[in-house]
Structure formats: structure tokens, C-alpha cells
Amino acid sequence: MKVAAIQHDIVWENAAATIESLRAPVAAAADEGAHLIVLSEMFSTGFSMAPERVAEGPEGPSASFLFEQAASSGSWLVASVPTLMPEMDLPQNVLTVASPDGGVHRYAKIHPFSYSGEDQHYAAGEDFLTLVINGVRCSFFVCYDLRFADEWWALAPQTDCYVIPANWPSVRREHWMALLRARAIENQAFVVGVNRVGDGDGVAYAGDSQIIDPLGQLVANGGDSNVTVTAEITAERVAEVRAQFPFLQDRR
């Protein structure tokens, strides 16, 4: 499966403008054969703590963009969106997965980033999400979830590839890169981490989107500019590594 990680800037709290800027790179990734295209956390608005301005319904403009692009391109689209879920008192930071056949899957971020007050504005999710895409078992997390290794461990037996969109500030970029690699090594799985670039509400983002293989080797790195990085990911490679180094079986 070919994965495309689109590292992009975001027009602060302006979904329409950001969506327009993403049409070309999404189309280009699909044209180049990407089966799975991943954008950033809160991809159209930035990491805003003002849900009254940015939160949308489950079928709002941002999610609809993902649905439309998946249907027209034949690729799976992934990004998170501040979403007003009907059954929730607060909005949620919802990773939305749109499939080419019109299917929609959602994962609400389990760990809101309390350091920035996200937990005061967005409700935590409870359920994990793992999907089989082109024969690859993909599990999904969002940004701050990266720091909670136990949940990644729990999903490892059923996961070939972890996908994690983020808005990770440049001031902690070393943490981002080290933790992505650690999650790949300890779970013997591919990790696709997609971070934004640019500035949002006074916070700088360095990008550093990465695709890492099950041995912890860096396959693709986005640097600090608007760029799309790609890699081929296979379940067979994960099985091969786990057979050669059967470490997961020794977990307690």
C-alpha cells in the first residue's frame, strides 16, 4: 500500500481557505498512486481552542471535503476535524477516515491535550479504531496520544501500521521525532506521523512528518516545508520483522 503524508500549512480558523489550498496536493498524491492520504490534526482550522468558531457537524465542510476527495480519487483520506457529535455535550477532536466507497469511520481523540486546555473544550473519546486498508491493518491516534505507549501496545497484535495526524509545536519537535520512532520500534510496526508546518495563533510548527518502518528506520521525512512524503507499506514486512525478532510475545 502506498501512503502519502501531506505536510501542510493551515489558514488559522479558516476552513474554506485551507481546504482550497489542499485540493492540489491531495489530487497529486492520488494521481501518483497513493492508496492512503493523511492530512494533519484539525487539518482545516488549526488547533483552535474556540470550538464555537471552528467545530462542525459530522457532515460539515471539512469532513465533506474528505468524503468528496475519497470518492473522486479512489484513495482513503484521513485527518482530524473539530466535530459536534449529536450525542455529546462538548465537541470532539475526531479523526475521520473516508473510504472510496463512501464509508466513514471515526476515532475521537482519547487524550485531549490538557496542557493547552483542550480537555476544557473538547470531550475525550473512549474507543480505538483499527481498519484493514489494502490488506494493511491500520490503527489510528491523534497528536498527544503519541505519549501514551500502553494504548499503542494494546493494539500492536492487530496492527501493521499506526497513523497519527498532529499539530505538534516546534518547541517540542525532538519529543515528536523520538516518540514516533519509539512507537515503531517497540511495536514492530510502521508509523505514519503527519504534522503541520507554519504558525497558528502564535505557535510555530516545524513539520517533521515521518514514515518509519517496523525496525525503527526512517523511510521518509518531511522536513519543515509544505511537502508530500510517500512510502510503500506492507503487512508482509511487519510479519517478517516480528517473526525474525519475536519480542511482542514477551510482553506482560
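The following legends describe an overall view and several close-up views of a predicted model.

Residues are numbered from 1 along each chain as its sequence is written. Because this is a predicted model, local features need pLDDT of at least 70 and side-chain atom pairs count only at pLDDT 80 or more, whereas totals for chains, interfaces and linings use all residues, and side-chain values use heavy atoms, with hydrogens and water left out.

**Figure 1. Overall view of the protein chain, with seven helices and 14 strands.** Helices (H or I, at least four residues) and strands (E, at least two) are DSSP runs, numbered from the N terminus. The radius of gyration is 17 Å, close to the 18 Å given by the globule rule for 252 residues, so the chain is as compact as a globular protein of that length. This radius is taken over C-alpha atoms, and the rule is 2.2 Å times the number of residues to the power 0.38. The C-alpha trace spans about 50 × 40 × 35 Å along its principal axes. Of the 252 residues, 56% are buried; buried means under 20% relative accessible area, exposed over 50%, and partly exposed in between (1.4 Å probe, protein chains only). Among contacts with a separation of 6 or more, 65% join residues 24 or more positions apart, a contact being heavy atoms within 4.5 Å.

**Figure 2. Close-up of L36 in the largest nonpolar core.** A nonpolar core is a set of buried Ala, Val, Leu, Ile, Met, Phe, Trp, Tyr and Cys residues joined through side-chain atoms within 4.5 Å. This core holds 47 residues, of which L36, F140 and V192 touch the most other members. Beyond its neighbours within four places in sequence, L36 contacts M1, K2, V3, A4, W76, V78, I133 and V163. Another core, of 20 residues, lies apart from it and includes I19, L39, A79 and V81. In soluble globular proteins, nonpolar side chains tend to be buried together.

**Figure 3. Close-up of N187 in helix α6.** Helix α6 comprises residues 173–187. N187 counts as buried because its relative accessibility is 0%. Residues up to four places away in sequence aside, N187 touches W152, W153, A156, Y162, R242, L248 and R251.

**Figure 4. Close-up of Q120 in helix α4.** Helix α4 covers residues 118–121. Q120 counts as exposed, because its relative accessibility is 57%. Q120 and M49 are 71 residues apart along the chain, and their C-alpha atoms are separated by 8.7 Å.

**Figure 5. Close-up of A206 in strand β11.** With 15% relative accessibility, A206 counts as buried. Its C-alpha atom is 6.8 Å from that of P169, a residue 37 positions away in sequence. Leaving aside neighbours within four places, A206 is in contact with S170, R173, N195, R196, V197, G223 and D224.

**Figure 6. Close-up of two loop residues with positive phi, E13 and D208.** Most residues other than glycine have a negative phi. E13, with phi near 55°, is found in the loop between β1 (2–7) and α1 (15–31). At 23% relative accessibility, E13 counts as partly exposed. D208, with phi near 60°, is found in the loop between β11 (203–206) and β12 (210–212). D208 is buried, its relative accessible area being 3%.
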